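Q: Please take a close look at one loop of this model and the parts around it. Then place that part in the wider picture of the chain.

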Amino acid sequence: MGALLRSEEMTLCQLFLQSEAAYTCVSELGELGLVQFRDLNPDVNAFQRKFVNEVRRCDEMERKLRFLEKEIKKDGIPMLDTGDNPDAPAPREMIDLEATFEKLENEMKEVNANSEALKRNFLELTELKHILRKTQTFFEEAEIHHTQAIHDPSLTDETMGLLGEEPYRSGQALKLGFVAGVILREKIPAFEKMLWRVCRGNVFLRQTEIVNPLEDPVTGDQVYKSVFIIFFQGDQLKSRVKKICEGFRATLYPCPETPAERREMAIGVMTRIEDLNTVLGQTQDHRHRVLVAAARNIKVWFIKVRKIKAIYYTLNQFNIESSQKCLIAECWCPVEDLDRIQQALRRGTERSGSSVPSILNKMGTKQTPPTYNRTNKFTEAFQAIVDSYGVSTYREINPAPFTIISFPFLFAVMFGDIGHGMIMAIFGIFLIIREKYFMAKKIEDEIFATFFGGRYIITLMGLFSIYTGFLYNDVFSKSLNVFGSSWFPIDPQTNKGYTSATLHGSTNLQLDPNTSYVGGGPYPFGLDPIWQMSSNKITATNSLKMKLSVIFGVTQMLFGVILSLLNHRHFKNKLNIICEFIPQVIFMCSIFGYLCILVFYKWTHFTVSDLGKDPNLLIGLINMFLMQRKKTDVPMYPGQYGFEKHQHRFGQHHYQPVATQNGNLIDDEECIYHDEFDSKHTDDNEEEFKHHQLSVNSGDVLGHDPEVNHHGDGDLLTPAEPEEEFDFGDTFIHQSIHTIEYCLGCISHTASYLRLWALSLAHAQLSEVLWSMVMQIGLNFAFPVGVFLLVPLFAFWAGATVVVLVLMEGMSAFLHTLRLHWVEFQSKFYKGEGEKFQPFTFEDLSQYSVED
């Protein structure tokens with residue numbers, strides 16, 4: 001339980017590693033994941049460190065792997081991921097990996113270059129094929145048009161020459177030049193307009209679309225193009241046309257003038273296209289085989305390269321002894337795991353073949369160690385909730401174990417519904433059952449990852465919501481009559497049951513508790529189902545839920561104050577117990593604890609016969625502060641006013657002298673001074689760690705003489721940080737503000753817990769409105785109309801229930817529960833000013849991955 005209540009005890013250690021064993025030792029420590037190294041070269045540029053060349057080599061290997069990965073994804077080849085976690089390769093294996101990656105990269109680049117050249121050639125031949133085919137159609141249409149014009153002189157307007165002259169003289173046609181090519185389809189309108197303006201209408205353009213898309217050899221995208229042919233007269237227009245084609249990146253192809261030559265060229269083009277298809281197929285098959293072979297190992301290669309990079313990155317944080325034979329490191333380690341760390345160092349030394357063992361020494365330090373809370377897959381999510389507010393200060397009470405119960409319970413108080421809780425619990429249990437499957441798939445969707453990470457929280461919230469749903473007796477806004485109601489409809493005038501005529505003839509009947517409450521006791525578990533039918537249900541349930549919210553809030557806050565006592569005792573702050581804890585408990589118990597006692601007293605001592613005579617709790621609390629009582633006021637219990645007077649007098653003397661020392665009174669200011677001094681004294685001595693005798697330290701190796709503190713024989717402390725001078729004025733102001741903040745915070749935090757009642761009311765009413773406005777409509781219709789209406793209405797109701805009431809309302813309740821824990825509960829004992837323990841581990845290598 002100690003490990004759950006507080007973070008692990010940490011110690012600062014010094015490592016002495018032989019140069020030939022440093023790589024394997026760090027590799028073993030990375031597999032273990034229990035050591036956080038400190039950078040001993042903070043002032044050294046990253047490019048001037050010892051192993052910068054090895055890190056660059058790893059970056060280059062990773063770049064090549066990303067290139068291969070990109071090519072594999074482009075071809076849609078699945079990459080085998082067996083989940084294996086290979087050990088970090090030996091340094092000599094880097095050469096083999098580099099050679100393998102270099103060979104694969106060069107081979108892929110060569111294949112890509114050949115494939116691109118073949119595809120470009122194939123594209124040109126395909127475009128030429130379409131040009132020959134389309135231009136043949138153009139010329140055939142022109143020939144038909146020419147024949148018709150000769151035999152029909154009436155077509156003079158349609159056969160007008162290009163330059164406005166008659167095209168035919170003495171039966172011979174005017175000879176025109178032409179160019180043919182291919183252009184992107186979306187450029188045709190602008191291309192045509194530019195030709196018209198530059199050539200002043202003295203050219204003739206024919207174009208037609210290529211139906212099938214063509215593949216771009218560079219990008220691989222599918223593009224749509226059109227074939228065009230331009231007729232003109234003269235070299236000047238020919239020059240202009242070619243420049244316009246060049247500006248629009250149109251591709252021009254030679255096109256013979258005679259049909260025979262065009263047919264001959266088309267046959268040659270088709271033959272070359274068939275040959276190219278064969279070569280392209282062989283090239284793609286070779287590329288596919290290379291990528292499939294790489295896809296089998298690429299995940300393992302990534303892990304190996306990143307592990308090598310992580311090791312050398314860590315080695316760059318070490319100091320190197322002047323003879324280059326020893327590396328010196330400093331690291332934070334959990335005291336409980338020192339034996340495991342020693343074993344990992346021995347394994348690393350044996351793997352390297354070194355005969356000199358690695359040395360691990362404890363060091364004393366005044367620096368605050370990082371905070372390390374051990375977690376498992378169940379407690380990890382709850383610890384993340386606490387750490388999101390702030391990492392706990394070293395060795396202070398960890399709220400996570402208590403959050404495991406309090407968080408889902410307070411959520412369920414706001415979300416109490418058996419049906420909604422079952423939906424949430426089933427979803428959470430499904431994620432837990434399929435846990436291994438989803439972890440193996442490594443789904444990268446952020447929303448799903450959030451739900452999957454909180455699967456245990458979701459399950460507990462659902463189960464607790466089912467429990468509070470039974471307390472509220474609420475299932476999709478309906479109640480369950482399991483034990484039978486304690487109420488019976490009795491006419492208070494006749495003291496007999498209502499007749500059928502009276503029940504059916506009245507829309508609103510009132511039950512008198514003195515006559516209708518005949519059950520002999522309350523409903524055995526939860527709320528009586530009769531309240532579901534009553535018109536004043538909200539009035540009754542609001543009173544109950546409001547009081548329960550205050551009781552839960554005061555209980556949790558008082559528990560938080562009690563946890564602060566454990567912190568004071570652990571850090572040996574005795575004056576904090578006297579000057580902080582005891583006044584805090586007295587203040588909270590005398591007001592809000594007293595209020596909770598009055599609530600329970602009212603519940604147990606006032607019956608239905610006292611209806612209308614019972615005193616108001618809120619008015620009574622206000623009168624207790626103001627000390628104003630009316631003669632007509634009825635006390636809650638005998639002697640109430642006298643007790644509250646003594647309580648008021650005690651509060652007036654609360655800030656009088658609180659202790660004695662050597663016969664002299666110590667006032668609050670002296671308590672503040674001694675509290676501050678005791679806290680500093682405890683901090684200076686609490687975290688002192690003994691260590692074995694050292695033969696060398698980093699300062700001696702580097703030729704520095706850093707400021708160190710010596711305590712006893714052989715005890716070496718890290719450089720001491722200058723202590724802040726004690727300023728009584730600042731401390732007095734700080735403590736005064738803290739006192740005011742606590743007093744006002746108790747009031748505001750108690751009121752803040754009323755959100756439990758408010759959200760519970762909103763959730764119940766929203767569920768009831770959804771039922772009455774959707775499902776009730778279908779249930780009001782008789783058979784068979786009601787059956788046909790119920791199907792779509794039920795689908796809409798079910799969807800709205802999941803989306804609105806479970807997801808949206810669940811998120812709202814989750815955020816409010818989060819606030820209650822962060823602000824109202826943890827502020828009573830939790831500082832959250834620590835630094836999280838970030839060990840060197842191979843479990844998460846993403847920080848060593850550099851994307852392009």
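A: In this predicted model, Ser477 sits in the loop that runs between H14 and E14. Ser477 is not a glycine, yet its phi is positive, at about 75 degrees. With a relative accessible area of 3%, Ser477 is buried.

The loop also holds Leu480, between helix H14 (455-472) and strand E14 (490-491). Leu480 counts as partly exposed because its relative accessibility is 35%. Leu480 belongs to a nonpolar patch on the surface, together with Tyr467, Phe470, Leu471, Val482, Phe483 and Phe525. The accessible area of these residues together is about 630 Å². The loop between H14 and E14 therefore includes a buried residue, Ser477, and Leu480, a partly exposed one.

Helix H14, which comes before this loop, also carries Arg455, the partner of Glu435 in helix H12 (residues 435-441). The two form a salt bridge whose closest N and O atoms are 2.8 Å apart. Because Arg455 is in H14 and Glu435 in H12, the pair ties together parts that are 20 residues apart in sequence. Both Arg455 and Glu435 are buried.

H14 is also one of the elements that the buried residues of H9 pack against; the others are helix H10 (400-415), helix H13 (446-453) and H25. In H9 (residues 380-389), the buried residues are Ala381, Phe382, Gln383, Ile385, Val386 and Asp387.

H25 leads on to another buried charged residue. Lys828 lies in the segment that follows helix H25 (785-825). Lys828 is buried and makes no salt bridge, and Glu824, the nearest side chain of opposite charge, is 7.2 Å away. The side chain of Lys828 does make a polar contact of 2.8 Å with that of His749. Apart from its neighbours within four places in sequence, Lys828 touches Met557, Gly560, Val561, Ser564, Met588, Tyr742 and His749.

Ser477 can be set beside Arg249, another residue that is not a glycine and has a positive phi, here about 55 degrees. Arg249 is in the loop between helix H6 (235-247) and strand E10 (251-253). Whereas Ser477 is buried, Arg249 is exposed, with a relative accessible area of 71%.

The pair in H14 and H12 also has counterparts elsewhere. Side chains of opposite charge can pair when their charged atoms come close. The whole structure has 29 salt bridges. One of them joins Lys225 and Glu127, with the closest N and O atoms 2.7 Å apart. Lys225 is in strand E9 (residues 225-232) and Glu127 in helix H4, so this pair ties together parts that are 98 residues apart in sequence. Lys225 counts as buried at 13% relative accessibility, and Glu127 is buried at 2%. Arg57 and Glu98 form another salt bridge, at 2.9 Å from N to O. That pair links helix H3 (residues 52-74) to helix H4 (residues 93-151), parts that are 41 residues apart in sequence. Arg57 is partly exposed at 30% relative accessibility, as is Glu98 at 22%. Salt bridges also link Asp59, Glu62, Arg66, Arg306 and Lys309 in a network.

For the chain as a whole, the secondary structure comes to 25 helices and 17 strands. Of its 852 residues, 42% count as buried.

Conventions:
Residues are numbered from 1 along each chain as its sequence is written. This is a predicted model: local features need pLDDT of at least 70, side-chain atom pairs count only at pLDDT 80 or more; totals for chains, interfaces and linings use all residues. Side-chain values use heavy atoms; hydrogens and water are left out. Patches are made of residues with over 30% relative accessible area and no salt bridge: like charges are joined within 9 Å, nonpolar side chains (Val, Leu, Ile, Met, Phe, Trp, Tyr) within 5 Å. Accessible areas come from the Shrake-Rupley method with a 1.4 Å probe; for residues, only the protein chains shown count as cover. A salt bridge is a side-chain nitrogen of Lys or Arg within 4 Å of a carboxyl oxygen of Asp or Glu. Helices (H or I, at least four residues) and strands (E, at least two) are DSSP runs, numbered from the N terminus. Buried means under 20% relative accessible area, exposed over 50%, partly exposed in between (1.4 Å probe, protein chains only). Lys and Arg count as positive and Asp and Glu as negative; His and the chain ends are not counted. A polar contact is a pair of N or O atoms within 3.5 Å; within protein, one must be able to donate a hydrogen and the other to accept it, and residues adjacent in sequence count only if both atoms are side-chain atoms. Contact means heavy atoms within 4.5 Å.
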